[in-house]
Amino acid sequence: MLYAPHSIQLLLLPGLGGDSRMTHSQRPLPYRLITPDYIPFEHNETLEDYAGRFAESLLAERAIELSMPLFIGGYSLGSAIGMELTKHLPARGIVLIGGFMTSNEIRFIPRTFGRYVSSWLPLWVYRAAEVFIAPAMLMISGLSRAEIKLAGVMYHELARGLFREAYHALSIWKGCAISVPYSRIHGEQDQIIRTPKPGPNVTIIPKAKHLVGQARPGPVNEAIKSFITAVSTGND
């Protein structure tokens, strides 16, 4: 069944260190965008348990209209939470933007840091790290200075402890089965997640890095629209 774009809900979940403002590059999409901020993580909470609480929160706040078709999209961390949310919400499909299907797809250094170091570092270390965000992202992200400034603001305004707890949870996540159609949109030069092999469910954006949704919004948005149209018409 083909749905009018304005009748389709697209729940977009931010990546690690971001909030709902991370979705601004996807706002030209013709759907009803739902762009929530994350609720706080509990200490040593798994992504599975967190997704269950998050789904309950979204439903309690009536952020999602259950009578309208729903798709889920997520950036990096948001892709993992989105996959877990498909167990709790009636999604028709999911889009993984610079995301992964198991923590083993995270490259060795960030995965090792998340598994064995991140959870015991005191919170003041994460606050002190703010001064390194802009220069580090300027060197490796491929983003404009405006996008880098926004990333710094979002990180600064995160709920206390969210980055630390979420980082550890995603680094030990073993993935989950997906029972709905999915699409992966990935930067060719992603330095955080291993780039998946091209295939029917994979769109590779040339020369783009990890934050592909912000760096290359044009092709990313076209890939999202193509996927949602294909699923809606039964051509996925």
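In this predicted model, the side chains of Arg53 and Glu42 meet in a salt bridge, with N and O 3.8 Å apart. The pair links distant parts of the chain: Arg53 belongs to helix α1, Glu42 sits in the loop between β2 and α1, and 11 residues separate them. Both partners count as partly exposed, Arg53 because its relative accessibility is 27% and Glu42 because its relative accessible area is 45%.

Helix α1 itself is a good place to continue. It covers residues 47-60, and at 1.5 Å a residue these 14 residues should span 20 Å; the C-alpha atoms at the two ends are indeed 20 Å apart, so the expectation and the model agree. Just after α1 comes Arg62, whose phi is positive, near 55 degrees.

One part of α1 can be followed into the interior. Leu47, Tyr50, Ala51, Gly52, Phe54, Ala55, Ser57 and Leu58 are buried. A simple rule of helix geometry helps in reading such a list: an α-helix has 3.6 residues a turn, so residues three or four places apart point the same way. The buried residues of α1 pack against three other elements, namely β1 (9-13), α2 (77-85) and α7 (162-171). Leu47 gives a close-up of this packing: leaving aside neighbours within four places in sequence, Leu47 is in contact with Phe41, Leu77, Ala80, Ile81, Glu84, Ala169, Leu170 and Trp173.

Leu47 also leads to the largest nonpolar core, which has 46 residues. Leu11, Leu47, Phe54, Ile81 and Leu85 have the most contacts inside this core. Many elements contribute: β1, α1, β3 (70-75), α2, β4, α5 (130-140), α6 (145-156) and α7 each supply at least two of its residues. Apart from this core lies another, of 22 residues, including Leu29, Tyr75, Val212 and Val220.

Tyr75 and Val220 appear again in the surroundings of Gln26, for Gln26 touches Leu12, Leu33, Tyr75, Gly213, Gln214, Pro217, Val220, Asn221 and Ile224, not counting residues up to four places away in sequence. Gln26 is found in the loop between β1 and β2 (32-34). Is this residue buried or exposed? Its relative accessible area is 0%, so Gln26 is buried. The polar side chain nevertheless has polar partners. One of its polar atoms lies 3.1 Å from the backbone oxygen of Gly213, and the side chain of Gln26 also makes a polar contact of 2.9 Å with the side chain of Asn221.

Returning to charged groups, a search of the whole structure finds 9 salt bridges. Among them, Lys87 pairs with Glu84, the closest N and O atoms being 2.8 Å apart. Glu84 counts as buried because its relative accessibility is 1%, and this residue was met above as a contact of Leu47. Another salt bridge joins the side chains of Arg184 and Glu105, at 2.8 Å from N to O. Arg184 lies in strand β5 (residues 182-187) and Glu105 in the loop between β4 (91-97) and α3 (108-116), so this pair ties together parts that are 79 residues apart in sequence. With a relative accessible area of 5%, Arg184 is buried. Finally, Asp19, Arg21 and Glu157 are linked in a network of salt bridges.

Conventions
Residues numbered from 1 in each chain as written. Predicted model: local features only at pLDDT ≥ 70, side-chain atom pairs only at ≥ 80, totals over all residues. Heavy atoms only, no water. Helix = DSSP H or I, 4+ residues; strand = E, 2+ residues; numbered from the N terminus. Expected span 1.5 Å × (residues − 1). Buried < 20%, exposed > 50% of the residue type's maximum accessible area, 1.4 Å probe, protein only. Contact = heavy atoms within 4.5 Å. Polar contact = N/O pair within 3.5 Å; in protein donor to acceptor, adjacent residues only side chain to side chain. Salt bridge = Lys/Arg side-chain N within 4 Å of Asp/Glu carboxyl O. Core = buried A, V, L, I, M, F, W, Y, C linked by side-chain atoms within 4.5 Å.
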